[in-house]
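Trainee: I'd like to learn how to read cysteines in a structure. Could you walk me through one?

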Amino acid sequence: MKHILFLILTIALQQHASAQCIVLQNCPSNLTFCDLSPNDANLWNESYWTDPLNQTNDLSEAGCDLSLSAYDTCANATIGVKYLLFLDLDRNGAAETVIKSWDPPAPGTVNYNNWNLPNYDGGEVRTFDERPVPADQKYQFAIETITTGDTIVGKVRWNTEAAPNSYVDAQLPLGVSHKIRWIVEDNLGNDEVCEPTIQLNDCKAPIVVCINGLSVNLMPTQQVTIWATDFLQYMEDNATPSYNLDFAIRKQGTGTGFPVDGNGDPVISLTYDCTELGTQVIELWSRDASGNADYCQTYLIVQDNQNNCGGGGGGNIPPTVVCTSGQTVYYPQGGGAVDVYAPFLLAAAYDDQTPFNMLVFGERKSGTGTGFPLDGNNAPINKVTFDETEAGVQLIELWARDQDGNADYCETFVIVEEGTSTGVSPTIVCLNGLSANLMPTAMISLWATDFLQYVEDDNTPTNQIELGIRKQGTGTGFPEDAQGNPLTNVIYDCDELGTQQIELWARDLDGNTAYCETYAIIQDNLGSCSGVVDTFALCVHRWCDQSAVPCNYSISGSSPFAPPFQFFDNRYFDDQGCAVFTNDVPVSSNFTITPELDTNPTNGVTPLDLVKIAQHILGVEPLGSPYAMIAADINRSNSITTFDIVESRKLIAGTYVAFPQNTSWRFVDADFVFPNPNNPFQSQLQETIELANLQDNTASAAFVAIKVGDVDCDATPSEAHAPADSRSVQHLNLPDADLAAGETVAVPVTFEEANEWLALATGLSFDPQQLEIESIIPGTLSGMEADLFLSPKPGVMNMVWFSPTAQAVHSGEVLYTLQLRARAPLRLSETITFTQPDTEHPHMMRSEGYDKHETPYTLQAAFRGHVAPSNFTGNHILPAQPNPTTGATTIPLRLIQEERVQATLTDLSGRVLWQANGTYSAGIQLLEIPGEALPQAGVYTWRVQAGTTVAEGKVIRL
């Protein structure tokens, strides 16, 4: 018995000792993530997803770094990691949906409510990815594992079937507790489990923007009540819909935090009396469903225009009317008048008995009368007019009258200035004095529409008038970016607290412009400017020529002085092409920076790149640069093979509109040193940069940009400034043909000039309702095969041929032969064309060639001679061409033998205008109706008889 017990104890000790082989490096009991990112309406947005907190079916989500690191100390151990992710998607406090990393749900879905099913199988299939992308590009749950030595890191990630090796952080719904169970196992039978909870919180306060400078008049009761909505320009939040945001108001200095009454309800109105005449400062607050709150400061001018504070009022109560303040209006350049209408001076109005839509409004220049403004017919005066003699500040009274005849007014002003442009310019009126609070990132964007009171034009519809905005003194003319697009927002930071002058511009469809001047009050109510790095520069330059590559950046970071934060493409470019963030980076920050550019995948990708990739694979001429090799790895397999050539050829030929397994551009840390430059895939590429504990006044990071597929570096880094195409032209000859419906013809495509070619690409475009390609017979070029021809859509036939060594051709040699069938009467030269690049039609490819010197040429079709259909039987009289015409027109004839031909042309009344009678030989003949036979614009009828064959039709003279 002692021996048995000893054996059992020994085995138990051995098992305990071996279990210690697996060491978990980061296994907390709970994980908390703070989200500041905007909500993505394409994720977790279906009627069956319900967020009772925000009263929406669109669940707010956040990316979170869920990872576990472990290593194994046992000899000969192989370690692996997997996870079970428990999600509380019905938001009742208990997880009901389980995701297995080794058997994940179908792309774009989760298996809802499968927690109590055997092996967590089954459940209701529910969609979380509603992005408008193909099915193989939908996100799916995955695990990314990175093994270094005996250490393994597992990460909860999303990937797609199209790009299984490209990962992004999984986006999980906010506001509830989820859980993850990490399972680490080795081949020796050991395992360890880590099971933290996951809490994702909305930490971003709403943005609230105030209207400033409203004016209001005391009532006969010696009081007036104003409402929070009177001062609200707009408010928005990343998670809570605007209509569910709470708002409140308080007099400055009367409290802290979100204003609530004794019952905990938001305070939505304020009352002023005779002791508070003049300018009063107000805080306007907004609070989201998670309790995050922020405010802006504004002010109110309290007036006593009826001297109610001299003894009070009596009788009926007049309306309350609130004015806007400080609008600028423009009279025409050189002199003229400008009208100012009452509605554009009105901020708010209300009455104790009369509905708003029954109130009557009037206005006058201050000091020009008393009582409610009326004209000689006792009709309200609802506009005032100013001209060049009244330039400057002008006071205006804005009146409101209720149905009982009670009236009151507020006083405001306009700034009358001369217009700044020629022609009939738009009229644009600014809102003045918006207040906005800096975000935790120590910056805020304000938009042109925030400052717009109204805009109108004499000719251009309002919704087609362009708006632009700039900080005053930073430029002239209509504000545009480098691509000619209107600048629609301005960004402020800690250096710009206080009042900032702004120009708001309008431009009509005729190019006429005008602007008004306004201002914004930039505030730092949350102390976001407690410390920032002065300048942070991100530089991205292309590997081959050091040209700057403008791109977006995903920048996430954290700081001990602020919640986690993110930037998305908020920057300006310096003269070196670097993106510079100024005064918006908290000190002691930790950063993860990832450049992003996935546009125009065909930029720089040509058949010559296929030649160079093939030469590299065959060892004829290696690519040389590790960056060129990364560009050649089209399918991101960390190798260069013929599969990369196939993928790139499909992109060039229009079968693909993007690389299925790669992005258009890749980026590598400029400081990354390749251990083996002849094989850049031998080590993991550093495609992000992490910076820790930034303390200096300046900081920077640099990336090398690589255009995928472009191994010879002829892409245009700044696509808006692509150089003009100055290529020489070479022609491919085709015989013309006139076809009737059902007829077929063989059309050889031949070289006009002799040359030695490395690569050729032809794109054919035609109307598939008129013509079909029955087959294509390759010519004699080495490697010219039928599978080189691809049809990405009906009416397009693209061909890409290349050779590692140049192939000589002589004039007249056949490249390929098209076997065509007509579906309707047609002339080949008017139906089929060689294509060139078209951004609106990505399936259209460039028809081009590269000779032995790698010189590029544009290939153009030249129709020379005629060819008869192979099933040419009987006489055919084809429709007139061209039709409509501005002069003569021609009727093609195909005759199987010599025939007598008679032709007449008449107008619609039947009057004969022209006749022809003659004998035509067999073959293709052209019967011309001269331009003088068509004396004026209109419709004419022709009739042609060839032997016993008769045809007629109409022709239009323009």
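Trainee: Let me start with C274: is it buried, partly exposed or exposed?

Mentor: Happy to help, and keep in mind that this is a predicted model. Burial is read from relative accessible area, where partly exposed lies between under 20% and over 50%. C274 has a relative accessible area of 25%, so it is partly exposed. C309 counts as partly exposed too, at 27% relative accessibility.

Trainee: How far apart are the sulfur atoms of C274 and C309?

Mentor: A disulfide is a pair of cysteine sulfur atoms within 2.5 Å. The sulfur atoms of C274 and C309 sit 2.0 Å apart, and the two form a disulfide. The angle about their S-S bond is -95 degrees, which makes the link left-handed. C274 is in the loop between β21 and β22, while C309 is in the loop between β23 and β24, 35 residues apart.

Trainee: And what is the handedness of the link between C27 and C194?

Mentor: That one is right-handed, with 105 degrees about the S-S bond. C27 lies in the loop between β1 and β2 and C194 in strand β14, so this pair ties together parts that are 167 residues apart in sequence. C27 is partly exposed at 39% relative accessibility, whereas C194 is buried at 1%.

Trainee: How many disulfides are there in the whole structure?

Mentor: A search of the whole structure finds 8.

Trainee: Why is C64 not bonded to C34?

Mentor: The closest cysteine sulfur to that of C64 is in C34, but it is 13 Å away, too far for a bond. C64 is also buried, with a relative accessible area of 1%.

Methods. Residues numbered from 1 in each chain as written. Predicted model: local features only at pLDDT ≥ 70, side-chain atom pairs only at ≥ 80, totals over all residues. Heavy atoms only, no water. Helix = DSSP H or I, 4+ residues; strand = E, 2+ residues; numbered from the N terminus. Buried < 20%, exposed > 50% of the residue type's maximum accessible area, 1.4 Å probe, protein only.
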